[in-house]
Amino acid sequence: MMQHLDMALLSAFVERWQPDTNTFHMPFGEISILLHDVHHILRIPVDGELMGDEASQDTLKSDMGGLVRLSVDAQVGGKWKSKWYDNGAMHAEGLLVRGGELKIKEMEVQCYLFVLLGSTLFVDKSRDRLRPAINLFLKDHRLLTDYAWGAGALAYLYRQLGVATRAGSKGLCGCLTLLQVWIYEYFPLFRPSQLPQSPDAPRASSWISPRLPGGDEARQRLARYRQLLDELSADDVTWTPYGRDGHTDIPRSLYTGPIRFSYIAEGYDPARCLRQFGYRQIIPRAMTVPHDQYRPASGSSYIVFWDPWVNQLWDNVAARRLDLDFASRSCEQPSEIVEEYIDWFLTRSHPRITHPTDGEPQPRPLLVHQVSYDFLLLFQI
């Protein structure tokens, strides 16, 4: 399921993620995965009801027992030698089989959707476990199309990127297909081959991600990716990969405020990434911040606490929508910034990862697909 992912490439970008702003900090400033990116890459709804339902662990566990019609403390049947519900997560493969055993069409569909969403949008680090919170939004089939699934998936990914930046964190989860394809869309330097497709198709299906070796070769790729990112300029980025009006049909992408998936709430601020809308980047105003947060010195997890009223911001579309024309101005080159932006940014970030070397700067290393692309061009002329 994860063989298409280049974990070295994803790791290089995770190193530049800042959970306080939910943006990647690059040498040229900030850039992020926005709601119109989710729409174009995955073609799932980013507008609708905010996925803010919560439940206690005891309630979630009880719900899981009701779903499988068994005690969740019992062992999964068949070849799986583990409990249905273990360490706050549900057994994925066993649930799919159990859905078919129940002989209840509605329950079979619910189990299937549970596994589907848990293996694509809301992936757990274990890869074979499911977050019980997913089921909160599957109980009433009539409401399935009402939720902003794309916003929920993005909030979940934001949180997992933040967790991955913590000291002691191992692994990365969330919708990594979204992250990797987003990199392809914005950074031509890392793009593999692409297939032609319908404009309405999810762009994730157009990229042919090569299977890459791990081990020492992955570590070498990671070092190469770090150097490439350190040397990137704003002109190396495709700021509007869906066209200059790629966001106009997705007004929710200009929303400012928290986005949610169950107990996870993460700040979303398009004003920090105006170039992704084809506008000149200015110094952004202060973000809406959580009421409190708990980030222990040890361990990788953290908790963010928001005031209850922030849940109402999502519903107030008109008041919470960024006015691009008021905030900045459209520009001929999407990489444009105001003169003082970089100086402001450099006082708040460490945009380079590798240590500078003495002497003459080293030439950019070429990636394999770059050489292949240049080779093909020669034969097309």
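This is a tour of selections to make in the open structure, stop by stop.

The model is predicted, so local features need pLDDT of at least 70 and side-chain atom pairs count only at pLDDT 80 or more, while totals for chains, interfaces and linings use all residues. Residues are numbered from 1 along each chain as its sequence is written, and side-chain values use heavy atoms, with hydrogens and water left out.

**Stop 1: the sheet S1-S2-S3**

Select residues 17-18, which are strand S1, and then 23-26, which are strand S2. Helices (H or I, at least four residues) and strands (E, at least two) are DSSP runs, numbered from the N terminus. S1 and S2 pair in the antiparallel sense over two bridges; two strands count as paired if DSSP finds at least two bridges between them. Glutamine 18 is the residue opposite threonine 23 in S2. Four residues separate the two strands of this hairpin, and asparagine 22 in the turn has a positive phi of about 55°.

Add residues 29-31, strand S3, which is joined to S2 by three bridges and runs antiparallel to it. The bridge partner of phenylalanine 24 in S3 is isoleucine 31. Two residues make the hairpin connection from S2 to S3. The result is an open sheet in the order S1-S2-S3 with antiparallel pairing. S1 and S3 are its edge strands, each pairing on one side only.

Now show the side chains of S2. Thr23 and His25 point one way, Phe24 and Met26 the other, and all are buried. Buried means under 20% relative accessible area, exposed over 50%, and partly exposed in between (1.4 Å probe, protein chains only).

**Stop 2: glutamine 75 and the sheet S4-S5-S6**

Select glutamine 75, in the loop between helix H3 (57-68) and strand S4 (85-86). Glutamine 75 counts as exposed because its relative accessibility is 51%. To see how far the model extends from here, draw a C-alpha to C-alpha distance to glutamine 197: the two are 45 Å apart in space and 122 residues apart in sequence.

Continue to S4 and to strand S5 (residues 89-91), an antiparallel pair joined by two bridges. Aspartate 86 has alanine 89 in S5 as its bridge partner. The three strands of this open sheet have the order S4-S5-S6, again with antiparallel pairing. Its edge strands are S4 and S6 (129-130), each pairing on one side only.

**Stop 3: helix H4**

Select residues 92-101, helix H4. H4 lies across S5 and S6 and runs at about 55° to S5; axes are lines fitted to C-alpha atoms, for helices over the stretch in contact (heavy atoms within 4.5 Å), and angles run from 0 to 180 degrees between N-to-C directions.

Within H4, pick glutamate 101 and arginine 98, whose side chains meet in a salt bridge (3.5 Å, N to O). A salt bridge is a side-chain nitrogen of Lys or Arg within 4 Å of a carboxyl oxygen of Asp or Glu, and the count by this rule is 16. The two residues are three apart, about one turn of the helix. Arginine 98 is buried at 15% relative accessible area, whereas glutamate 101 is partly exposed at 47%.

**Stop 4: a salt bridge between H7 and a loop**

Which residue meets the side chain of arginine 203 in a salt bridge? The partner is glutamate 185, at 2.9 Å, N to O. Arginine 203 is in the loop between strand S7 (193-194) and strand S8 (207-208) and glutamate 185 is in helix H7 (residues 176-186), so the pair ties together parts that are 18 residues apart in sequence. Glutamate 185 is buried, with a relative accessible area of 1%; arginine 203 is partly exposed, at 23%.

**Stop 5: the hairpin S9-S10**

Select strand S9 (residues 257-261) and S10, which run antiparallel and are joined by five bridges. Glycine 257 stands opposite tyrosine 268, and proline 258 opposite glycine 267. Two residues lie between the strands, and serine 262 takes a positive phi near 55°.

Five of the five residues of S9 are buried, so S9 is largely enclosed by the rest of the structure. S10 (residues 264-268) is also mostly covered, with five of its five residues buried. Ile264, Glu266 and Tyr268 are on one side of S10, with Ala265 and Gly267 on the other.
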